[in-house]
Amino acid sequence: FHDLGIQSNVRVSCEYVHDTKTLAPRRVFRALEQVLREIPALSIIGVSQPSEKKKGNHRTWEAKLPFIRFRDCVEFVNDSNANNDAAFAKICESVHNRWFDTGDTSKPWWRLLIVNGKTAIFVFHHSIGDGLSGYAFHKKLLAALNTNTTNREVEAETVGDEIFTIKEGSQKEEPIAIDELDNKLSWLQVIRTFLFWNVMRIFVRPKYLLFSDANVNNTYPTFSKPFPVEERTRSRVELLRIDKETMRKCLNSCREHQTTFTALLHTIISVTFAADVYPDAKVGFTRMAVNIRPLLRHDPGPDVFTNASATYYRTHLLGKYRGAAQNGTFDTAAMWQLAVDYKKHMHNSIYNSDAVLQSYLTCRLLGEDNEEVGSFYGLGLYLNNSFLISNIGVFDPKGIMKDGGWSVKDVGFGAAAIRAAVGDYGPVFSVASVKGGDCMIAATWEDGVLEEEMVKNVLKAISARLGVLG
């Protein structure tokens with residue numbers, strides 16, 4: 001997706017606090033030395049080579065950098081105006097709209113942006129990691145900052161052309177997730193799913209779907225003709241902060257109703273689109289990012305850097321969502337029941353059946369050669385007119401990682417927009433929170449596809465409804 005110009009990157013940020021210290025260049029350099037020893041995946045890049053299967057084709061092979069220059073992966077920005085969420089949203093947009101030069105095989109597929117000596121934005125190519133990998137990176141960075149070696153560094157020391165030499169560390173590289181599954185792809189499931197979505201697209205008129213007003217450019221790239229730089233997907237970002245007191249109340253209410261905050265958020269977003277924005281829509285398509293680490297042959301745990309996320313798909317009749325908030329009324333009992341039902345169905349699809357893993361295993365159908373990736377009709381069937389929620393949960397490092405004076409006050413997460421023609425028309429809602437602190441929701445969409453004011457109004461409505469339910 002990156003090299004075709006469809007999606008640029010993923011970001012996970014943390015605001016680091018210390019009583020007397022800041023994220024100065026020398027301190028960051030020493031901390032990253034330790035992080036690179038513990039996360040081998042940070043040296044991984046992709047290199048295009050001739051295919052072994054078909055003459056004239058190409059295949060991207062995994063390679064490792066022998067060293068990484070500090071100046072190639074770390075950047076420091078001082079911006080006195082970057083002191084609120086609106087300003088930070090603009091920084092996030094800038095981060096997402098800056099693409100990696102994957103043709104330069106001397107540079108890593110990640111970078112670290114340090115803003116005002118306290119906020120570290122870790123940006124990476126989606127092929128090397130998922131959202132939880134961003135948490136894993138920051139936990140290692142926090143632990144490194146809290147080691148004695150890092151803390152003894154002089155604040156004023158600068159970093160010149162220093163390099164990180166990549167050595168074999170104590171941590172083994174994680175295997176590819178799809179190779180760690182015992183499940184086999186079911187062709188019956190593939191055919192049934194394909195027919196279902198074709199029937200939906202044929203018999204449900206676009207005006208009865210969410211995001212029927214999306215302004216979509218139906219052009220598709222190929223390996224031989226990727227989107228030129230000026231036509232690559234541009235991301236827009238709006239942020240919604242849920243304060244820690246509202247989160248505390250929401251989480252308590254979720255426990256009382258035996259559901260989750262993720263299921264509640266899905267319900268509120270669906271209600272908002274159905275009741276406030278698209279009152280004539282009949283059918284809603286929604287997607288939820290799922291961490292499949294626990295489903296692998298060997299569960300590596302959440303604190304590892306790997307790419308192990310799948311998607312839970314759901315089709316909804318929107319009448320019941322619209323009925324929970326119509327004509328100024330707000331049926332809290334109906335809202336909670338919808339959240340409970342969604343959580344139950346999602347849990348069954350992940351753990352009691354292999355529905356989620358079957359959708360993940362269809363990745364094998366894309367082919368191995370670069371030229372074989374480019375038929376996006378099937379992706380559009382599944383993704384168009386949908387919105388996605390991706391919640392990476394609570395940032396809660398182990399106690400030993402916090403010994404030394406450094407702590408994390410705030411977190412943020414977001415994936416760059418995917419080209420609407422092959423992805424979601426609606427926003428991607430990326431969710432992250434720090435234990436005992438605020439929750440940050442980032443709404444990301446392709447520039448020009450949706451009206452900015454609509455997205456802002458949706459976020460305001462989500463905030464208001466969370467406040468009522470909490």
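## Helix crossings and nonpolar cores

Helices α1 and α4 sit oblique to each other, because their packing angle of about 125° falls outside the ranges for parallel, antiparallel and perpendicular. This is a predicted model, and the briefing walks through two helix crossings, two nonpolar cores and one residue of helix α8. The bigger picture for the cores: the largest has 64 residues, and another, lying apart from it, has 49.

**Where α1 meets α4**

- Helix α1 covers residues 25–38 and helix α4 covers residues 131–145, and their axes are 8 Å apart.
- The handedness here is right-handed.
- On the α1 side, the contact is built from R27, A31, L32, Q34, V35 and E38.
- On the α4 side, look for F137, K140, L141, A143, A144 and L145.
- Sorted by class, the residues of this contact come out as eight nonpolar, one polar and three charged.

**The two cores**

- In the 64-residue core, the residues with the most contacts inside it are F211, F261, F273, F429 and I462.
- Helix α8 (residues 261–277) supplies the largest share of that core, with nine residues.
- If you skip neighbours within four places in sequence, I462 touches L240, L265, I268, I269, T272 and F429.
- The 49-residue core includes L32, F137, L141 and F395.
- L32 of α1 and both F137 and L141 of α4 also take part in the α1–α4 contact.
- As background, nonpolar side chains in soluble globular proteins tend to be buried together.

**Where α8 meets α10**

- Helix α10 spans residues 332–352, and its axis comes within 8 Å of the α8 axis, crossing at roughly 125°.
- That angle makes α8 oblique to α10.
- Again, the crossing is right-handed.
- From α8, the contact uses A263, L264, H266, T267, I268 and V271.
- From α10, the partners are M335, W336, L338, A339, Y342 and K343.
- By class, you get nine nonpolar, two polar and one charged.
- I268 turns up in this contact, and I268 is also one of the residues touching I462.

**A closer look at V277**

- V277 belongs to helix α8.
- Is V277 buried, exposed or partly exposed? Its relative accessibility is 26%, so V277 counts as partly exposed.
- V277 and V458 are 181 residues apart along the chain, yet their C-alpha atoms are separated by 8.1 Å.
- Leaving out neighbours within four places in sequence, V277 is in contact with T272, M454 and V458.
- T272 is also among the contacts of I462.

Terms used
Residues are numbered from 1 along each chain as its sequence is written. This is a predicted model: local features need pLDDT of at least 70, side-chain atom pairs count only at pLDDT 80 or more; totals for chains, interfaces and linings use all residues. Side-chain values use heavy atoms; hydrogens and water are left out. Axes are lines fitted to C-alpha atoms, for helices over the stretch in contact, and angles run from 0 to 180 degrees between N-to-C directions. Helices (H or I, at least four residues) and strands (E, at least two) are DSSP runs, numbered from the N terminus. Angles under 35 degrees count as roughly parallel, over 145 as roughly antiparallel, 65 to 115 as roughly perpendicular and the rest as oblique. A crossing is left-handed if the near helix is turned anticlockwise from the far one by less than a right angle, and right-handed if clockwise. Contact means heavy atoms within 4.5 Å. Ala, Val, Leu, Ile, Met, Phe, Trp, Tyr, Cys and Pro count as nonpolar, Asp, Glu, Lys and Arg as charged, and the others, Gly among them, as polar. A nonpolar core is a set of buried Ala, Val, Leu, Ile, Met, Phe, Trp, Tyr and Cys residues joined through side-chain atoms within 4.5 Å. Buried means under 20% relative accessible area, exposed over 50%, partly exposed in between (1.4 Å probe, protein chains only).
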